[in-house]
Amino acid sequence: MPANRHIYHTNETLKMSPIVFTSKLFPSYSLYKLFKFHRKTTSFSFSTTTTTASMNPPSGLSVNSVTTDALKLSLEDLNWDHSFVRELPADPRTDVMQRQVHHACYSKVSPSVQVENPQLVAWSESVAEILDLDHKEFERPDFPLLFSGASPLVGGLPYAQCYGGHQFGMWAGQLGDGRAITLGELMNSKSQRWELQLKGAGKTPYSRFADGLAVLRSSIREFLCSEAIHSLGIPTTRALSLVTTGKYVMRDMFYDGNPKDEPGAVVCRVAQSFLRFGSFQIHAARGKEDLEIVKVLADYTIRHHFPHIENMSKNDSLSFSTGQENDTVVDLTSNKYAAWVVEVAERTASLIASWQGVGFTHGVMNTDNMSVLGLTIDYGPFGFLDAFDPSYTPNTTDLPGRRYCFANQPDVGLWNIAQFISTLSSAKLINEKEANYALERYGTKFMDDYQAIMTKKVGLPKYNKQLISKLLNNMAVDKVDYTNFFRLLSNVKADSTLSDEELLGPLKAALLDIGQERKEAWISWVRIYIEELSRSGVSDEERKASMNSVNPKFILRNYLCQSAIDMAEQGDFEEVRRLLKVIESPYDEQPGMEKYAQLPPAWANRPGVCMLSCSS
């Protein structure tokens, strides 16, 4: 694991009641120190006689979850069940005037986007399957009207969620769904709950001074990356459809005082829940009057999205030693909120380990962009690594401190979890021992998952810290393409008789422009690597197949997005659709699609391609 930079400062403004961390594992919030003291503890899961409480993505989110024999429904036949609106406190006002919304989890608001001949750009077949939606529905002439928000969807009950958050480490107060409007919740034929949400459908009380709209550029990126991350096997919100509005939206993409008109668009996002850390933080930050809402919202979340925790009993034997000097025991069966926060911590850790494995950098890991279900959420200035650079950030706003750079993501995840835990602590839902245990579980789960992922990526039977650390160091020094290198690595043979030239042959396409000194460093590493491979006893063919199943050939590089955007802005949506098909099978060879695995061209270094701002 590349060394992580320290990013936490004692003078950060924290509105939550602080937790005092007494565990020796947490002398600071930095995972750098947590890694140093890393040790094994029991993973949180129920016994085989009860419902499993694993850290896997929520049901319905796995790559292989789509079935072909499900019901095929029309939009009018969808099974709506609006639990969020029914069970949680509402804003008594229904206007969209910008304001502070107190004592409420949401505001009822309808889409107000203006359209002119809206068009369907693309849609996801696999998401339609999850919703039991008949594919013929996408051919309806009114589909673009319905999924731009210009016409109401029969059975929907739209609202915008209220939440707050820490942005770049500073408490930002109320944020909320400023340009996202949830249409409602559906129950599919598997009794799974799914929310449909339109992003860019108009103003809400949380829009602040913005217009609540979205542009085609950012909407294409969100639509494609939602599906790309899902196809990589990483938990994420999904995207059902992408629709242009036919109207223009003014945006200052670089915040440099030069706004321009851009085509407007709306993405229909889909998730089992869009609840975030900030959904709970906002109520704790407002003091006594709203603290009770933290409990109400926690109860709702556990009841609908963590039912195995709601149903646990003392027979589940979820008691763990904290490993502290006094060997304190934490009994998770005695407090469902403690069991819940441990699972949230572990899901978050597992998610970020998966990001690190494929070289994904979120770019804006504010607490309002952190899902309590452990999903990748809110695709803004994201980026996949091209040349391996641990300090890479795709967000121009993040450049001064690189708080959200690739190497810092595990640390930031821990910091964010600490803020979430602080919220539950201030509402007196968990105690200090339970809080510390949840943080400890984050660190242990991250390291377990990250080591397992990296071990699979190099095709070894067990983790070799020295070998992998040296590899990542070499890749950083020579700015080796992260994705292409690991895909090529599967071609290395476990043959110690190869000459120096033959050793590097399979990696030649990734090791570009290296001098003799660096060449020797790589030869040295490959020889050690081959020795490890030889000891494993796994055939070259079997290892190659296994490695290619975890090392993608195709990722959603920013320049590929931009190529599709450039064409779409001229009215040609075919490249968006082609790119969608490619990223839906990232681990397959896909003959004829080799151009989508190529390194970024020179033009990709222009502003707005390799790095982006939060503007959309």
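**Close-up 1. Helix α6 and what sits around it.** Right after α6 in this predicted model, G287 adopts a positive phi of about 85°. The helix itself, residues 277–285, is mostly covered, with eight of its nine residues buried. Those buried residues are F277, G278, S279, F280, Q281, I282, H283 and A284. Their cover includes strands β3 (159–161), β4 (164–167) and β5 (170–174). Helices also pitch in: α7 (288–305), α9 (336–358) and α10 (409–426) are among the elements covering the buried residues of α6.

**Close-up 2. E222, a buried residue of helix α5.** Here we look at E222, which belongs to α5, the helix spanning residues 216–231. With a relative accessible area of 2%, E222 falls under the 20% cut-off and so counts as buried. Its side chain makes a polar contact of 2.7 Å with the side chain of K199. Leaving aside residues up to four places away in sequence, E222 touches K199, V267, R269, D378 and Y379.

**Close-up 3. Helices α12 and α15 packed against each other.** The axes of α12 (residues 465–477) and α15 (residues 516–536) come within 11 Å and cross at roughly 155°. That angle is over 145 degrees, so the pair counts as roughly antiparallel. The crossing of α12 past α15 is left-handed. On the α12 side, the contact uses L467, K470, L471, N474, M475 and V477; α15 brings R518, A521, W522, W525, I528, Y529 and E532. Sorted by type, the residues of this contact come out as nine nonpolar, one polar and three charged.

Conventions:
Residues numbered from 1 in each chain as written. Predicted model: local features only at pLDDT ≥ 70, side-chain atom pairs only at ≥ 80, totals over all residues. Heavy atoms only, no water. Helix = DSSP H or I, 4+ residues; strand = E, 2+ residues; numbered from the N terminus. Buried < 20%, exposed > 50% of the residue type's maximum accessible area, 1.4 Å probe, protein only. Polar contact = N/O pair within 3.5 Å; in protein donor to acceptor, adjacent residues only side chain to side chain. Contact = heavy atoms within 4.5 Å. Axes fitted to C-alpha atoms, helices over the stretch in contact; angles between N-to-C directions. Parallel < 35°, antiparallel > 145°, perpendicular 65-115°, else oblique. Left-handed = near helix turned anticlockwise from the far one by under 90°. Nonpolar A, V, L, I, M, F, W, Y, C, P; charged D, E, K, R; others polar.
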